[in-house]
Amino acid sequence: MIPTRAQPASPTAEQLWAAPMTSRPQITKQFESVSCDICGSSANEKVYDYEVRGVLISICRCLLCSCVYLNPRPRQSMLGEFYGNAYYSFSFDDSKLAPPVGFKDRLRLTVLRRHLGYDVIDPSLTVNAPWFVTAALRTSVAVPTFKSGGYLLDVGCGAGEKLMEFRSLGWKVRGIELSLAAAQAGAQRGIDIDVGPLDRVPYPENQFSAMTFYHSLEHLPSPTTALRAAYRLLEPGGQLLVVVPNFNSLERKIFGKNWGWMQVPIHFYHFTRPVLARAVLSAGFSLHSLGYSFSGQSIGGLAEGLLRPASIAVRRVAGPFGMLCALLGTGKALVAKARKPVDPRLPSRDIRES
Ligand SMILES: [Zn+2]
């Protein structure tokens, strides 16, 4: 008897949902269906639907662990088309290197100097805020504690704007980025940027004192793989810092599927506090804080394209609104600060238990 050859798995009805017939061939060519990266389950419920290039794609919530993710999503080989060369972080914005002038900038520098070890900061750039105020903001400021002689790797660094600042603050810096054009833009400013996925570049283990993911983890095909790679590359006691949009933020609840940081289809994951905590802890880290950032352009972008008076009004409201949301525990971005244990045999610390 001739054995029956196993047929390649075809997409299930659940994977194709109610997509129109005409879009189905593109699902296999441009998009791939995936399971939850956090727990591996493929059971999910739809949260929002979008149409991208004539294909129905959804943001789903895992029924097992509540991770919110894009499904189906662009295949890795197609990502260049979806980002395009004009993606904002692929070019260098020199205006961001200007000296801080606003109150928020100075408040941030005050936190860095008082609480995170950046003695190099000129006291004249700080503000005279009460100590308890700046101490409370420590978890919201997305900067690792300074380590003299430390080596910092920024993952998904774009053209290296953040690294320019860290270098001026005393770190030895390096970046890693998928875009060759972005890496070249950074190289022109003297920043070393490697091109490729984090788990493919052969860095030595225990190499870095700090690793940062600024709005990059949500872009990666597997955040858990990236966090495990970060764990290997960090020295014992090394710091992990992750900043991602907060899917449970008030802004997302107000703007729904049109929120500025949904960024379909290049944001693959939409983190909430418990899901980000689980991802960090599962990789072996001790989680020290999980705060809310109040910087970023999530709704400030609404001002683009408006008439000048309306644009100014939106930008003026966006800053204080973002700060208020952060103070109320519903901020637009999550800031996780974690460390690789000095002794990996000790159980990981979970701040939610303290
Ligand atoms: Zn899950």
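Two strands count as paired if DSSP finds at least two bridges between them. Keep that in mind as you click around, and remember that this is a predicted model.

**Stop 1: two hairpins**

Select strand β3, residues 55-62. Four bridges join β3 to β4 (residues 68-71), and the two strands run antiparallel. To see one of the matched pairs, pick arginine 61: its bridge partner in β4 is valine 68. Now look at the turn of this hairpin, which puts five residues between β3 and β4. Serine 66 sits in that turn and has a positive phi of about 75 degrees.

Next, add β2, residues 44-52. Here β2 and β3 pair in the antiparallel sense, this time over eight bridges. Valine 52 stands opposite valine 55 in β3. Two residues lie between the strands of this hairpin, and arginine 53 takes a positive phi near 50 degrees.

Is β3 largely enclosed or not? Seven of its eight residues are buried, so β3 is largely enclosed by the rest of the structure.

**Stop 2: the seven-stranded sheet**

Now show the open sheet of seven strands, in the order β8-β7-β6-β9-β10-β13-β12. The pairing in this sheet is mixed. Its edge strands are β8 and β12 (286-293), each of which pairs on one side only. On average, neighbouring strands are turned by 15 degrees against each other, ignoring direction.

Start at the β8 edge. Three bridges join β7 to β8, and these strands run parallel. Click glutamate 177 and you'll find valine 195 of β8 opposite.

Move along to β9 (residues 208-214) and β10 (residues 234-245), which are parallel partners over six bridges. Phenylalanine 213 is the one to click here: it stands opposite valine 242 in β10. Trace the chain from β9 through helix α8 (residues 223-233) to β10, and you have followed a right-handed β-α-β crossover.

What does β10 do with β13 (residues 333-339)? These two pair in the antiparallel sense, over seven bridges. One pair to look for is leucine 241 opposite lysine 337 in β13.

**Stop 3: helices around the strands**

Bring up α8 again. This helix packs on the sheet, touching β6, β9 and β10, and its direction makes about 150 degrees with that of β10. Then select α6, residues 161-168. Helix α6 lies across β6 (151-155), β7 and β9, and runs at about 170 degrees to β7.

Helix α7, residues 180-187, is next. Which of its residues are buried? They are Ala182, Ala183, Ala185 and Gly186. Looking down the axis of α7, you'll see these buried residues fall within an arc of 160 degrees, so they line one face of the helix. Their cover includes β7 (172-177) and β8 (193-195).

**Stop 4: the nonpolar core**

Last stop. In soluble globular proteins, nonpolar side chains tend to be buried together. The largest nonpolar core here has 77 residues. Select Met211, Ala230, Val242, Leu276, Val280, Leu334 and Ala336, the members that touch the most others. Helix α8 gives this core its largest share, six residues.

Zoom in on leucine 276 to finish. What does leucine 276 contact, leaving aside its neighbours within four places in sequence? Its contacts are Val242, Val244, Phe271, Leu334 and Ala336. You have already met Val242: it is the residue in β10 opposite phenylalanine 213.

Notes. Residues are numbered from 1 along each chain as its sequence is written. This is a predicted model: local features need pLDDT of at least 70, side-chain atom pairs count only at pLDDT 80 or more; totals for chains, interfaces and linings use all residues. A crossover is right-handed if, with the strands pointing away from the viewer, the path from the first strand over the helix to the second runs clockwise. A residue is buried if 20 or more other C-beta atoms lie within 10 Å of its own, exposed if 12 or fewer, and partly exposed in between; C-beta atoms are placed from the backbone. A nonpolar core is a set of buried Ala, Val, Leu, Ile, Met, Phe, Trp, Tyr and Cys residues joined through C-beta atoms within 7 Å. Two residues are in contact if their C-beta atoms, placed from the backbone, lie within 7 Å. The arc is that of the directions from the helix axis to the C-beta atoms. Axes are lines fitted to C-alpha atoms, for helices over the stretch in contact, and angles run from 0 to 180 degrees between N-to-C directions.
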